[in-house]
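Reader: Before going into any detail, I should like to look at the model and then ask about it point by point.

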Amino acid sequence: MKDGDRIPPRLTPLRLNLLRTIARLTRDGGGPPSAAELARATRLTEATISAHLRALRELGYVERHGPRGRLLLTARALDAARSGIPVYGHIAAGPPGLAESSAEQVTPSLDALLDVQDGDFLLRVRGESMTGIGIMDGDYVLVRPAADVLDGEVAVVLIPGEDSATLKRLYRFVDRVILEAENPAVDRLSFPAGAVQVQGRMVARLGLGAPRRSASRRR
């Protein structure tokens, strides 16, 4: 490298964190922060912040009017500062197709992707009674509290006479409640309607369990 050559500015993990901190301070503080406020929030010296802000300005991520001006994020910075899981288009589950090679959007968070509401909670599944709808041992299900569910919905139900709950499809027949598994090897359960207590309905699942091979797969 010749004298006077300079390493081009780049978006390092530290600088990306600075962009995200500026975005947070702007949102929570009601307006763009100063360099001093950014330094306090990140516990870095103002000299260090100044050097990184210079690089971020050269990269087109930050605008600042005057040496003491507030830190304004550009559209490019807002796009880079978004946190979440990239969504790469669609994947074919029928005829073969090509997966998209670039992200078309980014989820703001897993909560937003699953449309989590106040009071919702996760349960980890044990057992294989619901494998017919893709709920495997070790998966998580998102449950929305409810005292009742519609016929055929997957519900979390307290087992009468036991200190435990189960995840099953629920059906009502006059004075009986039937809890139906999604696995032909698991018997259905039947209880008096008044003895069954519904705790919530399943609204989503996270398939984190170990993958399983289909029994019909040829070797």
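Reader: Which strand gives the most to the lining of the largest pocket?

Author: This is a predicted model, in which local features need pLDDT of at least 70 and side-chain atom pairs count only at pLDDT 80 or more, while totals for chains, interfaces and linings use all residues. Residues are numbered from 1 along each chain as its sequence is written, and side-chain values use heavy atoms, with hydrogens and water left out. Strands are DSSP runs of E with at least two residues, and helices are runs of H or I with at least four, both numbered from the N terminus; β5 (121-124) and β8 (165-173) each supply at least two residues of the lining. The most, 4 residues, comes from β8.

Reader: How do the residues of that lining divide by character?

Author: A pocket is an open set of points on a 1 Å grid over the protein atoms alone, where a 1.4 Å probe fits and protein lies on both sides within 12 Å along at least five of seven lines, and lining residues have an atom within 4 Å of a point. Of the 15 lining residues, Arg124, Arg126, Ala165, Thr166 and Leu167 lie nearest the centre of the largest pocket. With Ala, Val, Leu, Ile, Met, Phe, Trp, Tyr, Cys and Pro counted as nonpolar, Asp, Glu, Lys and Arg as charged, and the others, Gly among them, as polar, the lining divides into 7 nonpolar, 4 polar and 4 charged.

Reader: Is Asp120 buried or exposed?

Author: Asp120 has its place in the loop between α5 (110-113) and β5, and, leaving aside neighbours within four places in sequence, Asp120 is in contact (heavy atoms within 4.5 Å) with Asp115, Leu142, Val143, Arg144 and Pro145. Buried means under 20% relative accessible area, exposed over 50%, and partly exposed in between, for a 1.4 Å probe and protein chains only. Because its relative accessible area is 14%, Asp120 is buried.

Reader: What is the bridge partner of Val143 in β11?

Author: Two strands pair if DSSP finds at least two bridges between them, and 6 bridges join β6 (residues 140-145) to β11 (residues 197-206), the two running antiparallel. A further antiparallel pairing, with 4 bridges, joins β7 (residues 154-158) to β11, where Ala155 stands opposite Arg201. For Val143, the bridge partner in β11 is Met202.

Reader: What distance separates the C-alpha atoms of Asp120 and Gly200?

Author: Among contacts in the chain between residues at least 6 apart in sequence, 48% join residues at least 24 apart. Asp120 and Gly200 are 80 residues apart along the chain, and their C-alpha atoms are separated by 9.0 Å.
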